[in-house]
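Open the model in your viewer and keep the selection tool at hand. This tour moves from stop to stop, with something to select at each one.

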Amino acid sequence: MERYLHPAQPVILNSLMAQWPATQKWSIEFLQSEFGHLEVPVYSSKPAQGKQHQHAAEQHLELSKYLNMLKSGENDLRIFFYNILQNAPELLQDFEYPELGMEFFKRLPVLFMGGKDTRVQMHFDIDLANLILCHFGGPKTVLLFAPDQSRFLYRVPYSFSALHSIDFTNPDLEQYPALAHAKGYVAHIEHGQALFIPSGFWHFIVYEDIGFSMTLRSLPTDLSSRLQLLRNIVVTRTVEGIMRKTIGQRWNDRNERLAVERAELSI
Ligand SMILES: O=C(O)CCC(=O)C(=O)O
């Protein structure tokens, strides 16, 4: 709590998952044989166009079929925020919420999954939770930036993401010069390691191979973060939804233009 939680310092926790049955048991093969029949929503990383909802599922299919697609090289479609409490509660027996001085929101243990070279765009979580990302399968690289770096990251107004056109693995600093001022962290995580992502931290992820993570979340307890959380959900997301439905692509274009203008002003 003193060294990481309170100072909001990301850290890789090597032994947190060591005693969990999940660490021995959970693998792509295990999920395929035990849960392959489940129907799962999968999401594309392409940006929403026109009046399309920002987080609409691309399709629903059997987990087994999706895993076969990953094995054949699929690297766009990913599983995102899949609630295991609702959909595969048996898995809850394989891990326990760690004693870290944070109160976990036990209704939302969620899974993320992707294939080799899958990318998750730079974003921060709308609920401003402190996250413990527990990893399984092939390794992942995670770029992390503290909330005070937002001004250099081309945040798209009314969203919780950076400009989709930026390739954070090889950023074009001529086109996006503010990025050169951003200071952050790179974390490489492997099967059995857990990454602490502090509240409001930006994260961008590259799956180096087929893998999945379970994120445990602890909602913020301080008043200012709680007010911000409420604002994100009630105001920002609602306004964004209404504007996108009524104005469509012009709204998206306006926000992307503002993202560039604001980042350039910050330098
Ligand atoms: O690992 C992923 O695919 C995404 C994880 C993430 O964005 C999160 O836990 O908030």
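Two residues are in contact if their C-beta atoms, placed from the backbone, lie within 7 Å. Keep that cut-off in mind at the first stop. One more thing before starting: this is a predicted model.

**Stop 1: the nonpolar core**

Select L153. Leave aside its neighbours within four places in sequence. L153 is then in contact with M122, F145, A162, A182 and W202. Now add L195. The largest nonpolar core has 57 residues, and L153 and L195 touch the most other members. Which strand gives this core its largest share? Strand β7 does, with five residues. As background, nonpolar side chains tend to be buried together in soluble globular proteins.

**Stop 2: the six-strand sheet**

Colour the strands β1, β10, β7, β12, β5 and β4. In that order they form an open sheet, and the pairing is antiparallel. Look at the edges next. β1 (11-13) and β4 (79-83) stand there, each with a single partner strand, so one side of each has no neighbour in the sheet. Neighbouring strands of this sheet are turned by 25° against each other on average, direction ignored.

Stay on the edge strand β4 and select F80, which lies in it. Is F80 buried or partly exposed? F80 is partly exposed, with 18 other C-beta atoms within 10 Å. Not counting neighbours within four places in sequence, F80 is in contact with Y43 and F112. For a longer view, select T236 as well. F80 and T236 are 156 residues apart along the chain, and their C-alpha atoms are separated by 21 Å.

**Stop 3: strand β12**

Return to the sheet and select β12 (211-218). Seven of the eight residues of β12 are buried, so this strand is largely enclosed by the rest of the structure. Check both of its partners.

- β5 and β12 pair in the antiparallel sense over five bridges. Here M113 stands opposite F212, and F112 stands opposite S213.
- β7 and β12 also pair in the antiparallel sense, over eight bridges. Here L133 stands opposite T215.

If you show the side chains, recall a general pattern. In a regular strand they alternate between the two faces of the sheet.

**Stop 4: around the ligand**

Select the ligand. Then show the residues around it: F112, G114, V120, D125, L131, L133, H203, I205, S213 and T215. Some are familiar from the last stop. F112 and S213, for example, stand opposite each other, and so do L133 and T215.

Which strands each supply at least two residues of this shell? They are β5 (110-114), β7 (130-137), β11 (202-207) and β12. Colour the shell by residue type. Five residues are nonpolar, four are polar and one is charged.

**Stop 5: the four-strand sheet**

Follow β11 away from the ligand. This strand belongs to an open sheet of four strands in the order β6-β11-β8-β9, with antiparallel pairing. The edge strands are β6 (119-123) and β9, and each pairs on one side only. The twist averages 15° from one strand to the next.

Now select β8 (residues 140-145), together with β9 (residues 184-189). The two pair in the antiparallel sense over six bridges. L144 stands opposite Y185 in β9. Turn to the other partner. Six bridges join β8 to β11, and these two strands run antiparallel. K140 stands opposite Y207 in β11.

**Stop 6: Y207**

Finish on Y207, which has its place in strand β11. Y207 counts as buried because 25 other C-beta atoms lie within 10 Å. What does Y207 touch, not counting residues up to four places away in sequence? The list is G114, G115, K116, D117, T118, G138 and K140. One of these, G114, is also among the residues around the ligand. Another, K140, is the residue opposite Y207 in the strand pairing.

Last, select T141. Y207 and T141 are 66 residues apart in sequence, yet 6.5 Å apart in space, C-alpha to C-alpha.

How values were computed:
Residues numbered from 1 in each chain as written. Predicted model: local features only at pLDDT ≥ 70, side-chain atom pairs only at ≥ 80, totals over all residues. Near = placed C-beta within 6 Å. Nonpolar A, V, L, I, M, F, W, Y, C, P; charged D, E, K, R; others polar. Buried ≥ 20, exposed ≤ 12 C-beta atoms within 10 Å, placed from the backbone. Pairing = 2+ DSSP bridges. Axes fitted to C-alpha atoms, helices over the stretch in contact; angles between N-to-C directions. Core = buried A, V, L, I, M, F, W, Y, C linked by C-beta atoms within 7 Å.
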